[in-house]
Amino acid sequence: MKNIAIIGAGISGLFLANLLEKNDFFSYKIFEKKNFLDLKDGYGIQLSVNSINLLNLIGFKNMNASDIYFPKKVNFFEAKNLKKICDIDLAQFNFENNRYTTLKRSKLIEFLLKNIPKDKIILNSDLTDIKCKEKLKLYFGDNKLEEFNYLVAADGVYSKAKEILFNKAGSPKYFNSIAIRGNINNFNDSDISIYLGPNFHFVIYPINQNNEYNFISIIRKELIDNEFKNKEFFRDKELINNLINHISSKSDLNLVDIVKEIKCFPIFVSKNIKIPDNKNIFLTGDAFYSFPPSFAQGASQSIEGANEIFNDLKDKSSNYYKIRTSKTKKINNRSSINHFAFHLSNPFNTFIRNFILKKLTKNKKFLENYLGSIYNI
Ligand SMILES: Cc1cc2nc3c(=O)[nH]c(=O)nc-3n(C[C@H](O)[C@H](O)[C@H](O)COP(=O)(O)OP(=O)(O)OC[C@H]3O[C@@H](n4cnc5c(N)ncnc54)[C@H](O)[C@@H]3O)c2cc1C
């Protein structure tokens, strides 16, 4: 029996573990740096039909109905006067039980944990080194050494595994943007609302049937080296207040009053795609590639990637990196285009952008190519 080390108990690592649980040919262990998995965090996540399709194979369709939401549309607004620009009908990409879904990230993690025996998740295990011998030797913070046939690095955007394998070239870069996240109660829109402003955008969407909404804003902000490396900098109340006041002052929505439990963090993205020389090492999710967060595909791609790794292991094929590279390039292009278009500031450019958005969001062929080709697997 071949054994697999999964580094990271996040979305990608846990989804792969669910697939491995149903297979007798592999044993696995998950090594997680943290000493507990947070099942209380209230922030939201959007999952498109490509990942819902895969999640349904492991029972997601039986989730408690009150814990999830099925938005039917994405509405685009001008942030300053709340004038609607256009909308996209998301339901056109739904298929039977596979529907565009929003929920709390913690609910997704709770669901993914349900079928994984507790003793297979080793908490407090911070990967520190990898040696590629006949087997893969993995070293952890407490001088622990374990040997495996395969390594799946699912340790997120700041992947230690990627850094060990590729040194500096494997570390992500600051995307000149800060994210602020928060919760809203009782908002007046039942779909996904994207508000476009100069050098920022924010998104509000329901995360369950209890009138709880997720707020996420991406704000362009250049920082000097020491600032984006310093975690304390992003916990500073004054910075958080300044950011929410800044976007609130440029919008007719009084965000200062309605957004609660605000947190802020820097956005880091991958510099480029890196493929390990060792055929038994897989990078997945954000560890493989971390996208600009303007296409809401990070979690869905983490799930798709884990599924492709499972297929490679099961079929003894070597298609993973070919498939992943091609899809990653497509999504990265779309995320970068969205980010650029969402943040335009010159009034003439925003007028042209809005005109183009109105046309494209009603063009079936365009939508099929831009979204449908990503949502269909
Ligand atoms: C602002 C923002 C909004 C987003 N919104 C969406 C959205 O709406 N929809 C969407 O699809 N995606 C979204 N994403 C992206 C999504 O959250 C990520 O792509 C996804 O969580 C990545 O999953 P993962 O499994 O690769 O990593 P993660 O879920 O980050 O898990 C990585 C795990 O590895 C562990 N770990 C780290 N280092 C080590 C180590 N050395 N040893 C052991 N364990 C380690 C971590 O503790 C963590 O548990 C958003 C991202 C951002 C920044």
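A disulfide is taken here as a pair of cysteine sulfur atoms within 2.5 Å. With this rule applied to the structure, which is a predicted model, the count of disulfides is 0. Two cysteines still help a newcomer to get oriented. Cys86 is buried, its relative accessible area being 7%, whereas Cys132 is partly exposed at 42% relative accessibility. The first of these names, Cys86, returns below as part of a strand pairing.

A good place to begin a tour is the open sheet built from 7 strands, which follow the order 6-5-14-15-16-13-17 with mixed pairing. At its edges stand strand 6 (84-89) and strand 17 (260-269). Each of these has a single partner strand, so one side of each is left without a neighbour in the sheet. From one strand to the next, the twist averages 20°.

At the strand 6 edge, the partner is strand 5 (residues 73-78), and the two run antiparallel, joined by 5 bridges. Within this pairing, Phe76 has Cys86 of strand 6 as its bridge partner; Cys86 is the buried cysteine met above, with a relative accessible area of 7%. The loop between strand 5 and strand 6 holds Leu82. Strands of a sheet pair through backbone hydrogen bonds, either parallel or antiparallel. A helix also belongs to this part of the picture: helix 12 (residues 347-360) lies across strand 5, strand 6 and strand 14 (192-197). The direction of helix 12 makes about 30° with strand 6.

Leu82 deserves a second look for its backbone. Most residues other than glycine have a negative phi. Leu82, however, has a positive phi near 60°, and this residue is partly exposed, with 30% relative accessible area. Ala296 likewise is not a glycine and has a positive phi, of about 50°. Ala296 sits in the loop between helix 9 (285-288) and helix 10 (298-315), where it is partly exposed with a relative accessible area of 30%.

Further along the large list of strands, the loop between strand 14 and strand 15 (200-206) contains Asn199. This residue is partly exposed, at 36% relative accessible area. Apart from neighbours within four places in sequence, Asn199 is in contact with Ile218, Ile219, Arg220, His343, Leu344 and Ser345. How far apart are the C-alpha atoms of Asn199 and Ser294? They are separated by 13 Å, although the two residues are 95 residues apart along the chain.

A second open sheet has 3 strands in the order 3-7-4, with antiparallel pairing. Its edge strands are strand 3 (44-47) and strand 4 (68-69), each of which pairs on one side only. Strand 4 and strand 7 (residues 101-104) are antiparallel and share 2 bridges, and in one pairing Tyr69 has Thr102 of strand 7 as its bridge partner. Helix 3 (residues 105-113) packs on this sheet, where it touches strand 3 and strand 7. The direction of helix 3 makes about 90° with that of strand 7.

A hairpin is formed by strand 10 and strand 11, with 4 residues between the strands. Strand 10 (residues 136-140) and strand 11 run antiparallel and are joined by 4 bridges, and Tyr139 stands opposite Leu145 of strand 11. Between the strands, Asn143 takes a positive phi near 65°. In a regular strand the side chains alternate between the two faces of the sheet. Strand 11 (residues 145-148) has a covered face with Glu146 and Phe148, and an uncovered face with Leu145 and Glu147.

The tour ends at the ligand. Of the 33 residues around the ligand, which come nearest? They are Ser12, Glu32, Arg105, Asp286 and Ala299. Polar atoms also approach the ligand from other residues. A nitrogen atom of the ligand lies 3.0 Å from a polar side-chain atom of Asp126. For Ser302, a polar side-chain atom is 3.2 Å from an oxygen atom of the ligand. With Gly298 the polar atom belongs to the backbone, and it lies 3.4 Å from an oxygen atom of the ligand.

Technical notes:
Residues numbered from 1 in each chain as written. Predicted model: local features only at pLDDT ≥ 70, side-chain atom pairs only at ≥ 80, totals over all residues. Heavy atoms only, no water. Buried < 20%, exposed > 50% of the residue type's maximum accessible area, 1.4 Å probe, protein only. Pairing = 2+ DSSP bridges. Axes fitted to C-alpha atoms, helices over the stretch in contact; angles between N-to-C directions. Contact = heavy atoms within 4.5 Å. Near = heavy atom within 4 Å. Polar contact = N/O pair within 3.5 Å; in protein donor to acceptor, adjacent residues only side chain to side chain.
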